[in-house]
Structure formats: structure tokens, C-alpha cells
Amino acid sequence: MGTAQALARGRRHWSGTVVLVAQPAEETGEGALAMRDDGLHERFPVPDVLLAQHISAGPVGLVAHVAGPVLAASASIDVVVHGRGGHGSRPDTTTDPVVIGAAIVGRLQTIVAREIAPRETAVVTVGRFHAGTAANIIPATAELGLTVRAASRDLQERILAAVHRIVRAECEAGGATTGPDIRVVKSMPATVNDARVARSVADIHTRMFGSTRIVDPGPAMGSEDFSELALTPDGRAIPYHYWFLPSTPLAVWDVAPGQSPMAKFGNVPSAHSPDFAPDRRSSTTVSPR
């Protein structure tokens, strides 16, 4: 709404048509696709360019622009390991899915360390591991939740193939009663900014806020479904640019441990942290640092 008000007040400075989108369900990767399926580009003018802004950690007052790859392709995977439950005092009569699951977690870490070239960027994280209800009972199943992040769709597919191979192999090695259930529950494409549009927007922000406010942090491993909006019904790709607005209050940033900006960046609350509290002031109201 603030953007709409600013554009309306400054109408004499620009020409054309602006379509403002409040995109839902970005975190689940469903919002952009739902809008496309609902006829976004049939019901409203197809834009010549798409622009998106997202708050982030970092000192308020900066604007972060990246030309080219800016966010990773991602996939969320659910895995169920099937064992044979029993009493904790008699593991020889069971097939322990917790042990198999633990072996899977450890082995998955070798994908990036041993199968991905150092020049490529990828992350494999097991964020969920649920099994059992009591300390003295070996459960019949173990459930794992993974996230895979990669700089490109091709690299993501290679990692997913490795995940399937490792999960199946560890289940077989551990004597699982049946093969594992492996299901990709969410997938988002990489976000790759149009270099020409990125430079144009960054140049405008430089003129507005000064060169000391504009930074290039390089690509991140977060993911976003915004780029799904860049495909028209006839298959035409719309150029887009997605930038970040650092929003950490200066009082928090200045006392964060670390001598370099990157060190400080790792020591301030990030998005999804319960302590993430963006400064409500616009970057234009903060003096250049």
C-alpha cells in the first residue's frame, strides 16, 4: 500500500500502467502458481517487466541488487523409512528405522561435499526427523524432512537423484522391511534476474539514494516462487528483477559481533527467526552510512 501511495503521489514522474500484486503463499511455493492458474495474465495487463522487493537482514538504509542468479531452486522432500518395531531391550528382533534414518542423515551430507564441484553452490539440509513415542520402544517407522537448494534447476535434479539413491541404498543396507517412501512435496525454480533490468533499477536507486546505499551481496540460497509469475499463458518469459531491502535496526546491527559485514550478517536475526524485527522506517529516512 505504501508503494501504491508513493507511485500515485509521484505520477508526474512516470508513465505507463502499474499492476500491484500482493502475492500470497510465497513460503509454500503455491501462491504464484495459484495466481497464474486463476488467470492473472488473462484478467490483468501482461507486464513488460516484473519488479519485486523483499525485506532481509542487514543494516537498514541499504538496497541490495544482484544481476543474474539471486535465489536458488529448492525442493522439500518427505521420506518414510519402514522398519520392524519392538522392545528396546531386544533390538535383535527388530529392524530399527532410527538407525537407518541416522545413517541417511549422515550420508546425505556427502552429496555437496563429495558429488558437487566446489564452483557450484548447493545445500542439503535435514530439518525434520521424527520417530517413536517412548525411550524403550523401537518404532516401526522414521520420518525425515529435507530441503534441497541449488543454483540451477539442472543441479537441483542431480541432487534429487542422489537423495533418492542414498535413501534407497541405506534402507537396503539396514534391512528395511520395504522400500522407503520418497515424496517431493514442494519445488520452486531458481530466481534469475534480468541483467539489463537489474542494472536499470540499481542505477535509479543509486541516483535516488546515493552510491553508498547500493550493495551487491551476490546470490543467496533462499528460494522464492516469484519467478513463476514471469511466464505468460503463451509461454513468453517476462523479464524481471528481484531485490532486497535490508531492515535490521542500526541499534541491533551495530552491536552484533563481527568485524566485517558478512560476520555481522551471520549474527543478527534473519527472516523466520522469532527475533527478526524489521525497522519500520523506509531506507530513504536513514542517513547514508
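Q: Which residues make the nonpolar surface patch of about 230 Å²?
A: This is a predicted model. One member of the patch, V21, is found in the loop between helix 1 (2-9) and helix 2 (31-37). The nonpolar surface patch is made by V19, V21 and F44.

Q: Is V21 buried, partly exposed or exposed?
A: Buried means under 20% relative accessible area and exposed means over 50%, with partly exposed in between. The relative accessible area of V21 is 39%, so V21 is partly exposed.

Q: How many residues of strand 12 are buried?
A: Strand 12 covers residues 240-248. On one side Y240, Y242, F244, P246 and T248 are buried, and on the other side H241, W243, L245 and S247 are buried. Both faces are thus covered, and the count of buried residues is nine of nine.

Q: What is the bridge partner of H54 in strand 12?
A: Strand 1 (residues 50-59) pairs with strand 12 in the parallel sense, over eight bridges. In strand 12, the partner of H54 is F244.

Q: Which strands are the edge strands of the open sheet with the order 6-8-4-9?
A: Four strands form this open sheet, and their pairing is antiparallel. An edge strand here pairs on one side only. The edge strands are strand 6 (122-131) and strand 9 (181-188).

Q: What is the bridge partner of A73 in strand 8?
A: Strand 4 (residues 73-82) and strand 8 (residues 141-150) pair in the antiparallel sense over 10 bridges. In strand 8, the partner of A73 is A150.

Q: What angle does the direction of helix 4 make with that of strand 6?
A: Helix 4 (residues 97-115) packs on the sheet and touches strand 4, strand 6 and strand 8. Its direction makes with that of strand 6 an angle of about 170 degrees.

Technical notes. Residues are numbered from 1 along each chain as its sequence is written. This is a predicted model: local features need pLDDT of at least 70, side-chain atom pairs count only at pLDDT 80 or more; totals for chains, interfaces and linings use all residues. Side-chain values use heavy atoms; hydrogens and water are left out. Patches are made of residues with over 30% relative accessible area and no salt bridge: like charges are joined within 9 Å, nonpolar side chains (Val, Leu, Ile, Met, Phe, Trp, Tyr) within 5 Å. Accessible areas come from the Shrake-Rupley method with a 1.4 Å probe; for residues, only the protein chains shown count as cover. A salt bridge is a side-chain nitrogen of Lys or Arg within 4 Å of a carboxyl oxygen of Asp or Glu. Helices (H or I, at least four residues) and strands (E, at least two) are DSSP runs, numbered from the N terminus. Buried means under 20% relative accessible area, exposed over 50%, partly exposed in between (1.4 Å probe, protein chains only). Two strands pair if DSSP finds at least two bridges between them. Contact means heavy atoms within 4.5 Å. Axes are lines fitted to C-alpha atoms, for helices over the stretch in contact, and angles run from 0 to 180 degrees between N-to-C directions.
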